[in-house]
Amino acid sequence: MRLGISSYCLDREIENGILTLDEAIDWAAKYGAECMELVPFAFRFDDEVTGKIDLAKIAAVKKRAKDAGLALVNYSVLADFCKEGEDLEKEIARVCHHVDIAAELGVPRMRHDVTAFRRPLNQNTLKDFDRWLPVLAESAKRVTEHAKKLGVMTLIENHGFFANGCDRVERILNAVNDDNYGLLLDTGNIICVDEDPSAAALALAPLTRMIHLKDFYIRKRDPGDTTQFDCGGHWFRSKAGKYLRGAILAQGDLDIYEILGTIKHSGYDGDIAIEFEGLEDGRYATGVGISNARRIWEEA
């Protein structure tokens, strides 16, 4: 098992100019991370207008990670295949373009969503899911076929409210039915649809190719400053209406001991990336998270 972080943990620091991406890589290695996921929110590897891939920047990042002894293991992007006609074709092409970037980075995997995180809740019914499932599966299949030629495995993450939950995730994976398409299991996101993280880890372990490890606070009554979808440190709501907010790993309300123990004893021995999205300083929170995760894994 390699333990690391998602660059998403340090998004605010990168966006605010406190850290560059290179400095974030050095920071992660210094604090004990063995691997890193790259999420192009606070940075990007192509021109925003032309889409031209910045090969020099990619080469520099790869060298920085190699010099720091940090393995780049995944590249994660948003996507939404609940579209039709030309709009769908453009979205598939855009995601395939990110596959090209992932291949240049030399990462073995790329996670992409299949639906929008902020999809309206009244469009998240099982009837809606059944209507869109063939489109989602065909689109993901086309992306993974492109990725396979470049040596990149594509992953779905249980993310948001529509493509989340054990049954829905497994149905998407079964519908795509490709050895190059697997699961990035997010142990925190599963509570967005009010499922138990440890039970999900056990059920989905055979399909899991990478793990996001995160923690949340959970409240049954409105703690204030709540929106439906703003998960960047503020309170947001689960499918059933519980109030959630990102927490430092092992300081929130999820049983990280049970979750990591379930993962370890399932036989999973792949990459685990901490994903922090709480209110605290990203460096402090992520450093504590790395330390806690390693200690709890060893004790499990």
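## A tour of the barrel and its helices

Start by selecting Ala 250, which is partly exposed, with a relative accessible area of 31%. Keep in mind as you look around that this is a predicted model. Ala 250 sits in the loop between β10 (243-247) and α8 (256-265). Check its backbone too: phi is positive here, about 80°, although Ala 250 is not a glycine.

**Another loop**

Now select Asp 225, in the loop between β8 (215-219) and β9 (236-237). Is Asp 225 buried or exposed? Its relative accessible area is 54%, and exposed means over 50%, so Asp 225 counts as exposed. Asp 225 is not a glycine either, yet it has a positive phi of about 55°.

**Into the barrel**

Next, show the strands β1-β2-β3-β4-β5-β6-β7-β11: these eight form a closed barrel with parallel pairing. From one strand to the next, the twist averages 30°. A useful idea while you look: strands of a sheet pair through backbone hydrogen bonds, either parallel or antiparallel.

Pick out strand β7 (residues 208-213), where five of the six residues are buried, leaving the strand mostly covered. On one side, β7 pairs with strand β6 (residues 181-186) in the parallel sense, over four bridges. Select Asp 186 and you can find its bridge partner in β7, His 212. Stay on His 212 and look towards β11, where its bridge partner is Ala 273. The pairing of β7 with strand β11 (residues 271-274) is also parallel, over three bridges.

Now add helix α9 (residues 282-299), which packs on the sheet and touches β1 (2-6), β7 and β11. The direction of α9 makes about 155° with that of β1.

**Out to the helices**

Select helix α6, which lies across β5 (153-157) and β6 and runs at about 165° to β6. Then add helix α5 (residues 126-149): its axis and that of α6 (residues 166-176) come within 9 Å and cross at roughly 40°. The two helices are therefore oblique to each other. α5 passes α6 in a right-handed crossing.

Which residues of α5 and α6 meet? From α5, show Leu 126, Phe 129, Asp 130, Leu 133, Leu 136, Ala 137, Ala 140 and Lys 141. From α6, show Arg 168, Arg 171, Ile 172, Ala 175 and Val 176. Colour this contact by class and you should find nine nonpolar, no polar and four charged residues.

How values were computed:
Residues numbered from 1 in each chain as written. Predicted model: local features only at pLDDT ≥ 70, side-chain atom pairs only at ≥ 80, totals over all residues. Heavy atoms only, no water. Axes fitted to C-alpha atoms, helices over the stretch in contact; angles between N-to-C directions. Parallel < 35°, antiparallel > 145°, perpendicular 65-115°, else oblique. Left-handed = near helix turned anticlockwise from the far one by under 90°. Contact = heavy atoms within 4.5 Å. Nonpolar A, V, L, I, M, F, W, Y, C, P; charged D, E, K, R; others polar. Buried < 20%, exposed > 50% of the residue type's maximum accessible area, 1.4 Å probe, protein only. Pairing = 2+ DSSP bridges.
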